[in-house]
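Biologist: I should like to go through this structure with you. Could we begin with how the strands are arranged?

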Amino acid sequence: MENMLDIIDSIANEKGLSRENVQEAIKTSFIQTAKRIINPTFAFEADIDDRTKQVKLRQIITVVADDAPELEGEEAGAYMGITAALEIDDEAEIGDQLQMEHDIESYGRSAFAALHREIEFHIQRLVENELYDKYKSKINQIVSGRVTRVDSDQNTTIEIDEIRATLPMKSRIKGEKFKVGDVVSAIVRRVHVDKNTGISMELSRTSPKFLEELLALEVPEIKDGIVVVEKCARIPGERAKIALYTNRPQIDPIGATVGVRGVRINAVSEELCGENIDCVEYSSSPELFISRAMSPAIISAVVVEENEAGEKKAIVTLPSDQKSKAIGKSGINIRLASMLTGYTIELNEVGGTAQMGEKAQEEKKEGLSSLEALFGN
């Protein structure tokens with residue numbers, strides 16, 4: 001156990017840990033080993049002598065009256081009568097704490113083996129905590145790794161640096177298939193720590209945040225904060241709508257995002273298996289924002305309502321020849337517009353009483369329910 005400071009420096013350098021954290025882990029290991037081999041009820045302290053580079057382990061003994069009940073039973077070793085204490089320190093008083101040094105090596109090879117296991121355990125916890133903090137900060141950021149396994153349920157295991165990440169089947173874009181060796185990009189959704197399996201990550205390619213982060217990679221104006229993605233709604237692999245704005249009048253947020261001849265938006269679409277991405281300009285006026293979100297349909301008027309329960313509804317008036325565009329294939333356009341704006345949308349044809357229709361209403365509800373179940377929060 002000599003040169004403990006040198007051992008600490010070596011562990012810190014090898015594992016990429018801070019010297020102070022390793023030092024605390026070593027001291028904790030000595031204390032836990034002492035409790036295991038001496039007495040679990042005793043109080044111990046440990047520190048490292050900078051001069052000798054050795055760990056000093058001391059038992060803390062509390063001074064009590066000679067007839068105190070603590071001097072009997074299993075915990076008696078943690079206490080000392082005042083008479084005995086005065087023989088050690090003539091200024092001792094009841095309530096004082098005396099220190100008794102212990103040498104782990106004097107308890108034999110089993111004690112040394114127990115200490116070795118404790119050090120391994122606490123250093124491993126340190127490594128896991130460092131990794132957890134590192135990857136927790138990456139939540140909602142894009143990471144890339146190589147596929148190492150695809151199970152029978154099509155859950156994909158991806159190796160990212162030092163840890164294992166899982167891309168569940170439900171978080172894959174419809175129609176995607178991966179095989180071992182593929183390089184996959186996804187967004188970090190959750191970070192887990194398990195006592196048995198260690199640290200792992202859950203990834204997603206269906207989250208709206210994945211689309212936002214891909215846009216930031218392709219569009220410098222978004223990355224620099226010149227253009228802001230205010231809201232985003234997706235039906236993964238099919239279609240998405242994003243609301244954009246900028247505080248700089250000389251910048252066109254839609255044009256900057258789409259790029260020359262659509263090169264920027266097409267690069268993002270290609271990563272998302274051909275997902276069509278509609279860009280609309282955000283407005284703080286709900287009527288104007290809803291009108292833009294209903295694109296490519298041309299809207300005549302929008303009236304918004306909100307009841308006492310906070311439920312928001314928009315009645316959209318439009319020409320009859322625009323109704324099919326407003327609804328979209330299988331109701332996809334109106335569903336995305338509702339998700340993007342946060343309003344339940346009803347359609348009212350000019351000169352008629354037709355609204356969304358029972359089938360379209362039901363499709364919208366089913367779409368919203370499935371997306372809520374898909375994304376959770």
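Modeller: Two strands count as paired if DSSP finds at least two bridges between them. Please keep in mind that this is a predicted model.

Biologist: Which residue does Arg-190 stand opposite in strand 9?

Modeller: Arg-190 stands opposite Glu-202 in that strand. Strand 8, residues 183–194, and strand 9, residues 198–204, pair in the antiparallel sense.

Biologist: Over how many bridges do strand 8 and strand 9 pair?

Modeller: They pair over seven bridges. Both strands belong to a barrel that five strands close in the order 5-6-7-9-8, with mixed pairing.

Biologist: And what does the twist average from one strand to the next?

Modeller: The twist averages 50°.

Biologist: Turning to the interior, which residues touch the most other members of the largest nonpolar core?

Modeller: Val-22, Ile-26, Phe-30 and Ile-123 do, in a core of 25 residues. At least two residues each come from helix 1 (4–15), helix 2 (19–37), strand 1 (43–48), strand 2 (55–64) and helix 4 (109–136).

Biologist: Which element gives the largest share?

Modeller: Helix 2 does, with six residues. Another core, of 24 residues, lies apart from this one, and its members include Ala-233, Ile-235, Ala-337 and Leu-340.

Biologist: How many residues of helix 11 are buried?

Modeller: Nine of the 10 residues in helix 11, which spans 332–341, are buried. Among them are Ala-337 and Leu-340, together with Asn-333, Arg-335 and Ser-338.

Biologist: What phi does Gly-342 take, just after helix 11?

Modeller: Gly-342 takes a positive phi of about 85°.

Definitions and conventions:
Residues numbered from 1 in each chain as written. Predicted model: local features only at pLDDT ≥ 70, side-chain atom pairs only at ≥ 80, totals over all residues. Heavy atoms only, no water. Core = buried A, V, L, I, M, F, W, Y, C linked by side-chain atoms within 4.5 Å. Buried < 20%, exposed > 50% of the residue type's maximum accessible area, 1.4 Å probe, protein only. Helix = DSSP H or I, 4+ residues; strand = E, 2+ residues; numbered from the N terminus. Axes fitted to C-alpha atoms, helices over the stretch in contact; angles between N-to-C directions.
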